[in-house]
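Q: Please take a close look at the loops and at what lies beside them. A connected account in plain terms would be welcome.

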Amino acid sequence: MDSDIKLYKKYGKFVRMFEGLKPVLMVYDAEWLKEALVKNFSTFTNRRLLVVGGLIDEGLFTIEGDHWKHCRKVMSSEFSSGKIKKMMPEIKQCINRFISSLQKVESQPVEIRVKCNALTLDLISYTAFGLESDAQTNEDSLFTRNALLFVKSAESEQCLMEKIRTVLALFFLVVAPPWLVNFIAQYFNIGLFDSRGMDYFEQLSNTIIENRENGSTGNDFVQMLVNHMVEAPPGHPDTLIDTFGSPWTKKGLTRREIIANAILFLFAGFQTTADTLFFVFYELAQYPHIQEKLYGEITETCDSNDVTPEQVNQLKLLDYCINETMRLYPQGFRFDREANQDITIRGIFVPKGTAITISPWTIQRDPEIWENPEEFDPYRFSPDRFTEKHATAFMPFGLGGRKCIGSRLAMIEMKLAVILTLKEFVIKTCADTPRRPITFAASPAISPEKKIRLAFVKR
Ligand code: HEM
């Protein structure tokens with residue numbers, strides 16, 4: 001993250017480089033990025049090839065072109081506000097379990113990242129798989145163990161063999177042509193994730209789909225995708241192109257695609273939401289006057305515990321606090337696109353095959369755009385201060401047609417979690433809570449170097 005800032009300071013807004021054989025253009029100019037990724041979306045539809053390994057490679061994050069367009073269209077309808085509203089009772093149940101678990105350790109130092117992890121696992125288990133999990137009551141449950149195995153491997157806490165595989169995967173990703181990367185990854189079963197975690201979730205999804213085919217129903221994403229399930233023509237792979245290279249017409253998603261995306265939702269929605277939420281709690285503990293203002297807004301608008309979506313939408317300061325947290329700690333701190341043809345944008349030539357790398361971490365802390373960028377100042381999002389320039393440079397969920405499909409779900413989950421928690425507790429720092437600015441561990445996620453403990457004191 002800091003290396004991105006250093007590059008920007010040293011070379012300016014456009015930095016050309018090679019990563020192995022791959023030409024890369026690092027762009028720190030938000031206006032340029034908007035023109036490229038939003039206006040010229042058809043040139044920048046795909047991400048740079050990513051070999052995650054296993055079925056998850058067939059999920060929305062990795063697939064390309066028309067195949068991606070088709071799947072995104074089918075899935076987008078399932079992430080609408082209306083559909084998410086229907087999940088609110090289950091979401092509240094998970095958050096109530098979170099509150100109960102905090103009540104048990106009331107006023108004592110709590111390692112808040114661990115609690116938020118358990119909460120979002122519970123949430124994903126309900127919203128994606130329709131399963132009542134024991135993630136918050138049993139840190140050693142099968143679901144939790146496999147989910148942690150799965151995401152921790154991406155955070156590099158792996159066994160030696162897996163570390164070697166990861167290094168190999170990264171090496172091939174950087175130096176080899178795409179067809180070779182795919183071949184090697186499949187042949188040697190190389191991936192960035194622990195395959196045991198992946199296998200567990202593949203089996204779990206399969207069982208859930210079978211149950212749903214046999215008549216049980218649920219109010220979760222697997223069910224919604226099962227409602228769109230189609231058969232692939234026999235012998236044909238699960239893309240829009242058949243084995244002879246001709247397109248076949250399909251309306252929905254195949255079983256493999258449903259499973260790949262259910263697993264992807266777990267990976268894409270778990271740590272991102274948990275870590276944003278824990279940083280919200282951390283910042284509110286550091287700024288008690290903002291926390292009290294927010295508490296005032298919440299009690300004025302939401303008088304009972306049965307908070308409605310309409311009430312949530314009225315909470316402006318809550319919106320500002322979450323946005324400000326995502327500005328400072330964007331969980332997608334780097335993302336990319338690949339140009340599928342030569343293009344010139346605002347005088348910058350981008351040859352076909354170039355990977356455009358974007359660093360929200362740097363752009364959202366750029367002092368040319370944000371006043372006192374390191375400060376937690378939620379009011380910078382109020383309409384009198386938040387201008388077009390800021391809107392263009394604020395990209396915590398990405399940019400253009402390929403931005404995060406789960407942003408609405410994540411926002412409602414985080415908002416409800418903050419509302420229900422603040423109604424119950426005052427969040428305080430403890431003697432050993434690291435002060436701002438936090439230092440981060442060398443990791444592909446935004447992981448604080450030191451454990452962050454906070455105290456939740458009953459109101
Ligand atoms: C605070 C929480 C979250 C953050 C900060 C976040 C951030 C992001 C970012 C930065 C991207 C890349 C966007 C781009 O390339 O322009 C992304 C993509 C994606 N996210 Fe999220 N995300 C969050 C929660 C979720 C949740 C809850 C889900 C699903 C349940 C989800 C599913 C996805 C998927 C499937 C993609 C790939 C979309 C595509 O390629 O069409 N995310 N997310």
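**Loops, strands and ligand**

A: Asparagine 372 is partly exposed, with a relative accessible area of 46%; buried means under 20%, exposed over 50%, and partly exposed in between, computed with a 1.4 Å probe on protein chains only. The model is a predicted one, in which local features need pLDDT of at least 70 and side-chain atom pairs pLDDT 80 or more, while totals for chains, interfaces and linings use all residues. Residues are numbered from 1 along each chain as its sequence is written, and side-chain values rest on heavy atoms, without hydrogens or water.

Asparagine 372 belongs to the loop between helix H16 (360–363) and H17. Helices (H or I, at least four residues) and strands (E, at least two) are DSSP runs, numbered from the N terminus. The phi angle of asparagine 372 is near 40°, which is positive although the residue is not glycine. Serine 107 is another residue other than glycine with a positive phi, near 70°. Serine 107 sits in the loop between helix H5 (88–104) and E3 and is partly exposed, at 36% relative accessible area.

Strand E3 (residues 109–111) then pairs with strand E9 (residues 453–458): the two run antiparallel and are joined by three bridges, where pairing requires that DSSP finds at least two bridges. Glutamate 111 has arginine 453 as its bridge partner in E9. E9 also pairs with strand E8 (residues 425–429), again in the antiparallel sense, over five bridges. One residue of that pairing is lysine 428, whose partner in E9 is alanine 455. The loop between E8 and E9 holds proline 437, and the peptide bond that leads from arginine 436 to proline 437 is cis, with omega near -10°.

The next loop leads to the ligand. Cysteine 404 lies between helix H17 (388–393) and H18, and its SG atom, at 2.3 Å, is the only protein donor of the iron atom of the ligand. Donors are N, O and S atoms within 2.8 Å of the metal (3.2 Å for Na, K and Ca), and the absence of water may make sites look incomplete. Cys404 is also among the nearest of the 27 residues around the ligand, together with Arg47, Trp68, Arg72 and Arg337; a residue counts as near if one of its heavy atoms lies within 4 Å.

Polar contacts, pairs of N or O atoms within 3.5 Å (within protein, one must be able to donate a hydrogen and the other to accept it, and residues adjacent in sequence count only if both atoms are side-chain atoms), also involve the ligand. The side chain of arginine 47 places an N or O atom 2.8 Å from an oxygen atom of the ligand, and arginine 402 has a polar side-chain atom 2.9 Å from a ligand oxygen. For leucine 399, a polar backbone atom is 3.0 Å from an oxygen atom of the ligand. Two or more residues of the shell come from each of helix H3 (65–76), helix H12 (255–286), strand E4 (335–338) and helix H18 (407–424). H12 contributes the most, with seven residues. By class, the shell has 15 nonpolar, seven polar and five charged residues.

Notes. Nonpolar A, V, L, I, M, F, W, Y, C, P; charged D, E, K, R; others polar.
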